[in-house]
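Me: I'd like a close look at one part of this protein, taken slowly. Start from a single residue and work outwards to what surrounds it.

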Amino acid sequence: MKVLTWSVSTLFICIIILYCICIKISNTVVGLREKINTKLSEADILKNQYQDRINNLDKKSSELARGLQKGTKNAAQIYKEANFAVAITAVSVIEEMLNQMYSPNGSGYVIEINSQIYIVTAHHVCFEAGIPRRKINLHFKGMVAGQPVNTEEATVIDACEYHDIALLQFKNKKFVFPWPSGQFAPSKNLEPGQKVFALGSPLGSFLSITEGTIMSTDIIESNTAIGLHKCAQIIRHDALVNPGNSGGPLIDDFGRIIGMNISMLGGGNENKTSLAIASDCILKDAKCIT
């Protein structure tokens with residue numbers, strides 16, 4: 001009986017010791033978690049401060065360059081250098097089955113993220129009623145050694161329907177894009193009155209360019225009429241766009257991507273307003289996808 005009592009007492013003491021150890025470990029884990037969360041919050045603050053400084057430097061240098069009329073480009077220069085812009089032919093299953101003739105029905109542009117090449121376009125260029133289009137061909141405007149570069153097929157790797165963005169890659173993994181990829185400029189610095197250029201393939205044509213000015217850069221809540229299902233910064237501008245311009249880049253007067261054209265308002269004799277989703281939103285979504 002004494003042995004049993006001693007065993008029970010020993011077991012009870014062990015349980016108490018284990019319980020105390022668990023409490024100690026739990027408190028330690030909670031403390032470490034709080035420290036980690038604090039460090040992450042501090043890192044986020046530093047990251048935002050760093051980004052704000054970069055944006056301010058970009059804004060000041062851009063204003064200085066425009067004031068000195070140095071580094072800015074006209075439409076002809078923008079078009080000549082923007083080999084990162086592509087025309088897109090996206091074919092549905094039915095169109096392919098019927099062997100229909102088709103021409104570019106969308107636009108896009110080539111970017112680089114973490115040393116990987118991607119093509120950005122509008123979600124609605126690559127999907128029809130939520131169904132992916134069967135075949136997507138990219139057409140380039142640039143030439144290498146005086147020879148045109150052939151069309152390359154691409155595949156959708158992911159998409160953000162909320163902001164009407166699709167991310168593609170070349171289907172041929174051995175294909176090397178022969179020109180510099182497009183460079184983003186922070187859309188946070190954009191102001192009404194700044195000159196912009198819309199590159200795209202309107203109405204089944206090959207790549208063209210139109211010029212205009214920024215009208216506003218507002219944060220807009222979801223608006224299904226323009227294909228926006230989540231809050232985002234939208235650039236309103238008056239550079240002419242038409243069906244086929246969707247997914248094409250909106251360029252500033254330094255040749256940098258500041259947005260992507262997704263829709264337009266007005267028609268007929270009305271004053272047309274073109275809408276582009278801002279570069280900050282595009283880059284954030286693209287990095288999340290990759």
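Reply: Let's start with serine 274, which sits in strand S16, residues 273–278. Bear in mind that this is a predicted model, so everything below is computed from it.

Is serine 274 buried or exposed? It is buried, with a relative accessible area of 2%, and the cut-off for that label is under 20%. Its side chain has a polar partner in there: one of its polar atoms lies 2.7 Å from the backbone oxygen of alanine 239. Alanine 239 also turns up in the contact list of serine 274, which skips neighbours within four places in sequence. The rest of that list is Ile235, Arg236, His237, Leu240, Val241, Ser263 and Met264.

Some of those contacts make sense once you look at the strand pairing. Strand S13 covers residues 232–237 and pairs with S16 in the antiparallel sense, over 4 bridges. One bridge joins arginine 236 to leucine 275 in S16. Strands of a sheet pair through backbone hydrogen bonds, either parallel or antiparallel.

Now zoom out a step. S13 and S16 are two members of a barrel that 6 strands close, in the order S11-S12-S13-S16-S15-S14, with antiparallel pairing. On average, neighbouring strands of this sheet are turned by 45 degrees against each other, direction ignored.

Follow the barrel order to the other side of S13 and you reach S12, residues 208–220, where serine 208 has its place. Here is a serine in another setting: serine 208 is partly exposed, with a relative accessible area of 24%. Beyond four places in sequence, serine 208 touches Tyr79, Ala198, Leu199, Gly200 and Pro202. Alanine 198 is 10 residues away from serine 208 in sequence, and their C-alpha atoms are 8.2 Å apart.

What about the nonpolar packing? In soluble globular proteins, nonpolar side chains tend to be buried together. The largest nonpolar core here has 48 residues, and the members that touch the most others are Tyr109, Val120, Ile136, Leu138, Phe140, Met260 and Ile277. Ile277 brings us back to S16, given that the strand runs over residues 273–278. Take valine 120 as an example: not counting residues up to four places away in sequence, it touches Gly108, Tyr109, Ile111, Ile165, Ala166, Leu167, Gly247, Met260 and Ile282. Apart from that core lies another of 12 residues, among them Leu190, Val196, Ile214 and Ala276.

You may also wonder about the cysteines. A search of the whole structure finds 0 disulfides. The sulfur of cysteine 160 is 6.9 Å from its closest cysteine sulfur, that of cysteine 281, so the two are too far apart for a bond. Both cysteines are buried, cysteine 160 at a relative accessible area of 14% and cysteine 281 at 13%.

For a contrast with buried serine 274, look at the loop between strand S2 (106–113) and strand S3 (116–122), which holds asparagine 114. Asparagine 114 is exposed at 68% relative accessible area, and its phi is near 50 degrees, a positive value in a residue other than glycine. Serine 115 has its place in this loop between S2 and S3 too, is exposed at 62% and has a positive phi near 65 degrees.

As a backdrop, the protein chain has 5 helices and 16 strands, and 40% of its 290 residues count as buried.

Notes:
Residues numbered from 1 in each chain as written. Predicted model: local features only at pLDDT ≥ 70, side-chain atom pairs only at ≥ 80, totals over all residues. Heavy atoms only, no water. Disulfide = S-S within 2.5 Å. Buried < 20%, exposed > 50% of the residue type's maximum accessible area, 1.4 Å probe, protein only. Polar contact = N/O pair within 3.5 Å; in protein donor to acceptor, adjacent residues only side chain to side chain. Contact = heavy atoms within 4.5 Å. Core = buried A, V, L, I, M, F, W, Y, C linked by side-chain atoms within 4.5 Å. Pairing = 2+ DSSP bridges. Axes fitted to C-alpha atoms, helices over the stretch in contact; angles between N-to-C directions.
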